[in-house]
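Colleague: I should be grateful for a close look at a single part of this model, the acidic residue that lacks a charged partner, together with the surroundings needed to place it. Please set the account out in full.

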Amino acid sequence: MKTLSGIKLKIMVRAFRIRIKNGEAFEDIAADYPALTTDDLEAIREALNA
């Protein structure tokens with residue numbers, strides 16, 4: 001499956017990190033981005049935990 005490119009992944013990780021810092025849940029943020037695949041979301045979650 002195709003996942004996000006490097007720069008797009010960095011942008012999405014930054015967006016998720018900011019919104020999580022503001023108190024939002026990962027799942028709620030993911031719901032706002034319906035174009036993201038399961039693989040994309042896994043890559044974002046891994047980058048946030050790194």
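Modeller: The account below begins with the whole chain, turns to Asp40, and then takes up the salt bridges.

The model is a predicted one. Its chain contains three helices and zero strands, so that reading along the sequence gives the pattern α-α-α. The C-alpha trace spans about 30 × 20 × 15 Å along its principal axes. The radius of gyration is 10 Å, which agrees with the value near 10 Å that a compact globule of 50 residues would have. Of the contacts with a separation of 6 or more, 51% are between residues 24 or more positions apart. Buried residues account for 20% of the 50 residues. The chain exposes about 3800 Å², and carbon and sulfur atoms supply 56% of that area.

Asp40 lies in helix H3, which covers residues 38–49. The residue is buried and yet has no salt bridge. The nearest side chain of opposite charge belongs to Lys8, and the distance to it is 9.1 Å. A salt bridge requires a side-chain nitrogen of Lys or Arg within 4 Å of a carboxyl oxygen of Asp or Glu, and Lys8, at 9.1 Å, is therefore not such a partner for Asp40.

The side chain of Asp40 does reach a backbone atom: the nitrogen of Thr37, at 3.0 Å. Thr37 is placed in the loop between helix H2 (26–31) and H3, whereas Asp40 is within H3 itself. With a relative accessible area of 31%, Thr37 is partly exposed, in contrast to Asp40, which is buried. Thr37 also has a position in space that its place in the sequence would not reveal: Leu4 is 33 residues away along the chain, but the C-alpha atoms of the two are 9.0 Å apart.

The salt bridges elsewhere give a useful contrast. In general, side chains of opposite charge can pair when their charged atoms come close. The structure holds three salt bridges.

Two of these involve Arg19. In one, the side chain of Arg19 meets that of Glu24, with an N to O distance of 2.7 Å. In another, the side chain of Arg19 meets that of Asp32 at 2.5 Å, again N to O. This second pair links distant parts of the chain, with Arg19 in helix H1 (residues 6–21) and Asp32 in the loop between H2 and H3, 13 residues apart. Arg19 counts as buried because its relative accessibility is 18%, under the 20% limit. Its two partners are partly exposed, Glu24 at 32% and Asp32 at 48%.

The remaining bridge joins the side chains of Arg45 and Glu27, at 3.6 Å from N to O. This pair also links distant parts of the chain, since Arg45 belongs to helix H3 and Glu27 to helix H2, 18 residues apart. Arg45 is partly exposed, with a relative accessibility of 38%. Arg19, Glu24 and Asp32, for their part, are joined into one network by salt bridges that share partners.

To return to the part requested: helix H3 contains both Asp40 and Arg45. Arg45 takes part in a salt bridge with Glu27, while Asp40 is buried without one and has its side chain at 3.0 Å from the backbone nitrogen of Thr37.

Terms used: Residues are numbered from 1 along each chain as its sequence is written. This is a predicted model: local features need pLDDT of at least 70, side-chain atom pairs count only at pLDDT 80 or more; totals for chains, interfaces and linings use all residues. Side-chain values use heavy atoms; hydrogens and water are left out. Helices (H or I, at least four residues) and strands (E, at least two) are DSSP runs, numbered from the N terminus. Buried means under 20% relative accessible area, exposed over 50%, partly exposed in between (1.4 Å probe, protein chains only). Lys and Arg count as positive and Asp and Glu as negative; His and the chain ends are not counted. A polar contact is a pair of N or O atoms within 3.5 Å; within protein, one must be able to donate a hydrogen and the other to accept it, and residues adjacent in sequence count only if both atoms are side-chain atoms. The radius of gyration is taken over C-alpha atoms; the globule rule is 2.2 Å times the number of residues to the power 0.38. Contact means heavy atoms within 4.5 Å. Accessible areas come from the Shrake-Rupley method with a 1.4 Å probe; for residues, only the protein chains shown count as cover.
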